[in-house]
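I opened this entry to record what I looked up in the model, going from one topic to the next. The coordinates come below, and my notes follow them.

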Amino acid sequence: EDGYKLWQRYDVFNAALPAGSLNVVGDSDTTHIIRDEFRRAFGNRVSEKQGTLIVQQLNNELAARFKLGDNVSAQLSDEGFIIKSLGDDMLISAKTDIGLLYGSYHLLRMVFTQQSLDTVNVLQNPKIKRRVLNHWDDLDRHTERGYAGESIFDWHRLPVDKDQRYYDYARANASIGINGMVPLNVNANALILTPMYLQKVKALADIVRPYGIKMYLSIKFSSPQQLDGLPTSDPLDPAVQQWWQAKAAEIYQLIPDFGGFLVKANSEGQPGPGDYDRTHADGANMLAKALKPYKGVVFWRAFVYANDAEKERSLQAFDEFVPLDGEFMDNVIVQVKNGPIDFQPREPFSPLFGATPNTPLAMELQITQEYLGFSTHLAYLGTLFEEAMDADTHAKGPGSTVAKVVDGSLFNHQLTGIAGVANTGMQRNWTGHIFAQSNWYAFGRLAWDHTLSAEHIANEWIKQTLTVEPDAVAQIEAMMMPSREYIVEYMTPLGLHHLMDSGHHYGPGPWVDNLGRADWNPVYYHRADKQGIGIDRTAAGTNAVSQYAPYWQERFAQPQSTPKELLLWFHHLPWDYTMPNGETLWNELVRYYYRGVEGVTDMQSRWQQVKPYIDANQFRQVDMALQIQMQEAKWWRDASVLYFQTFSERPIPDGLPKPEGSLDYYQSLTFPYAPGQG
Ligand code: BDP
């Protein structure tokens, strides 16, 4: 088993169709996919029951026969489904074939996670409407922040070569409810909008459509100039507006259900409306207007931070976007990273969530592990995603979670979306580390239903991917659930952040202080000195706390009431500051670094215990990755502790082994060929 089949192995155990026969009604590409999927899952195996599994769009007769109730249709969205058993028969029904497909995948999940199918009565609708993978893949197949080989999109051979991988990609996404894809990096290439490339995009769109997946494109804001020599890309210039309208018409001619544009503008060197003294709303609305006749939308990213030595970086997106609340057209959704800085192992929620009642916000999560150990560290991110969703903004009192902002329920928005930065590549197992598949899986599952727990999702994934043996499932769950926290501990404990080395972001670089911009340097974020460590974001410091609701302002104002995990995110504290358990900050900090490494030891020993239940090839791959992770966890720990010790001038607490190398040694390491660079 090389991991190619992801969580769709179907051979973890031999299951039978949960009925005597299958009747899929319909003749669309999607219903063919449904038949094919059942065949893959069960071959010719059927249960001893006599009944039939019917997969059919809803009609009155079915509703009456299966006692679905009068208003079942009103309860279902276009993507929703019901599964109901009646005697020996079972029905999967929906208003659309895509709903049938989702229902079928749900039933397969129930079978392969060994849930009881005696009496099934399920009705589900996705909570968030646009569930989109953002690939940071370039046209030359380099993947920015990709650690699983080159891009799966072979633009050179498209549109003729419709690689099987594209179909398998679509199957995997559909099985977890992902319904949108952006195949091109947000650091976009204008060429994607040329007729030649649009033909290639069309070929991909045609492949994924029957799986319920819409195509979106990242665009370069300066495309009118770059592609057609216009003198400007000013969004208020009529010729520029016309250019985009004509381009939209051209796209929809080829791809009638095209989803829309994703835009990184005036961020990290990308062009944007700011180049012409226009606002983000001016830029987004120009594109939104071009897409509007076709029901397309604009995902406009809020990941912006100017080169402004005066204003601390975490403040900037909020300050730029909150004043624009209400100015965006109704087919614009602003895409916000989960935290205020940049996908760190732990961040507080972005204060933008809850602060823009008149602007729908999509949340952007990073599935690829740019800051969490690339594809050699076992980091189950279901827990991170869950933490991000469940964070309570208190924007409208308690219970105003980020999830409710994103699913539209808090401020009553119909346009809802969530994006995950993909971790796919050409490696046989797609993600470089088998456990990294679980993060793709968790993203999809949570995007569909953010009330699912990370633990539940891990359990589902393990059973479909690795083993159903109960003891082994429990052991693997015990590896996955704390795995992200271990990484936080050996990289950035207690609210530290942005301590990675420059450019490639591989390994520790807390000492880095020489980059072109102050806020690219780790020293900007940890501010360690002889007195203490941490960045003061209270009113006495950068005052980032003021961007949160009063509930959090009060709590973040004092170290005693700040959650321990975010302590040094909000406070600069003396080395001898007394922690709740009576220890000094220095001792606690060091202990966390060591604890993270112990966590990796624990994962290693659990992995050895499950060996008899895991495919030999999968076992080996994870075993080797854990060895690398162990080396790198120690590297992070030792380099960080030695570096911070030069400020604290305090000993490593008794009982802990001394670091293996010297600080000079760690500082001398260079990695010119680290993967996935920007
Ligand atoms: C950062 C990445 C960079 C991306 C940027 C973004 O290092 O490669 O281009 O985010 O989200 O985390 O635009």
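Before reading any strand partners, I fixed the criterion that two strands pair if DSSP finds at least two bridges between them. With that in hand I looked up Leu22, which stands opposite Leu53 in S2, and I noted that S1 and S2 pair in the parallel sense over 4 bridges.

Confidence. I am working with a predicted model, so I checked the scores early: the protein averages a pLDDT of 97, with 100% of the residues scoring at least 70, and the model scores ipTM 0.99 and pTM 0.98.

Sheet order. In what order do the 5 strands of the open sheet follow one another? I read the order as S1-S2-S4-S3-S5, and the pairing is mixed. Strand S1 (21-24) and strand S5 (121-124) each have a single partner strand and stand at the edges, so one side of each is left without a neighbour in the sheet. Ignoring direction, I found neighbouring strands of this sheet turned by 10 degrees against each other on average. As a reminder to myself, strands of a sheet pair through backbone hydrogen bonds, either parallel or antiparallel.

Strand S4. I then followed strand S4 (residues 89-94), which is mostly covered, as 5 of its 6 residues are buried. Towards strand S2 (residues 52-57) I counted 5 bridges, and S2 and S4 run parallel; towards strand S3 (residues 81-86) there are also 5 bridges, but here the pairing is antiparallel. Which residues stand opposite Leu91 in S4? From S2 it is Ile54, and from S3 it is Lys84. I also noted that S3 and S4 form a hairpin with 2 residues between them, and that Gly87 in the turn has a positive phi of about 60 degrees.

Backbone exceptions. I kept in mind that most residues other than glycine have a negative phi, and most peptide bonds are trans. Against that background I listed Arg145, which is not a glycine yet has a positive phi of about 60 degrees, and which is found in the loop between S6 and H5. Is Arg145 buried or exposed? I put Arg145 down as buried, because 22 other C-beta atoms lie within 10 Å and the cut-off for buried is 20 or more. Asn543 likewise has a positive phi, of about 65 degrees, without being a glycine, and lies in the loop between strand S14 (532-533) and helix H17 (550-557). I put Asn543 down as partly exposed, because 14 other C-beta atoms lie within 10 Å. I also looked up the peptide bond from Leu158 to Pro159, which is cis with omega near 5 degrees; Pro159 is found in the loop between strand S6 (130-134) and helix H5 (164-175).

Ligand. Arg145 came up again when I listed the residues that surround the ligand, which are Glu144, Arg145, Val186, Asn187, Lys264, Glu268, Phe303, Asp342, Phe343, Glu370 and Gly678. By class, I recorded this shell as 3 nonpolar, 2 polar and 6 charged residues.

Domains. Last, I noted the division of the protein into domain 1 (21-124), domain 2 (132-465) and domain 3 (488-535 + 572-668). How far apart do the C-alpha centres of domain 1 and domain 3 lie? I wrote down 49 Å for domain 1 and domain 3.

Key
Residues are numbered from 1 along each chain as its sequence is written. This is a predicted model: local features need pLDDT of at least 70, side-chain atom pairs count only at pLDDT 80 or more; totals for chains, interfaces and linings use all residues. A residue is buried if 20 or more other C-beta atoms lie within 10 Å of its own, exposed if 12 or fewer, and partly exposed in between; C-beta atoms are placed from the backbone. A residue is near a molecule or strand if its C-beta atom, placed from the backbone, lies within 6 Å of it. Ala, Val, Leu, Ile, Met, Phe, Trp, Tyr, Cys and Pro count as nonpolar, Asp, Glu, Lys and Arg as charged, and the others, Gly among them, as polar. Domain bounds come from an automatic or database domain assignment. pLDDT is the predictor's confidence in each residue, from 0 to 100. Axes are lines fitted to C-alpha atoms, for helices over the stretch in contact, and angles run from 0 to 180 degrees between N-to-C directions.
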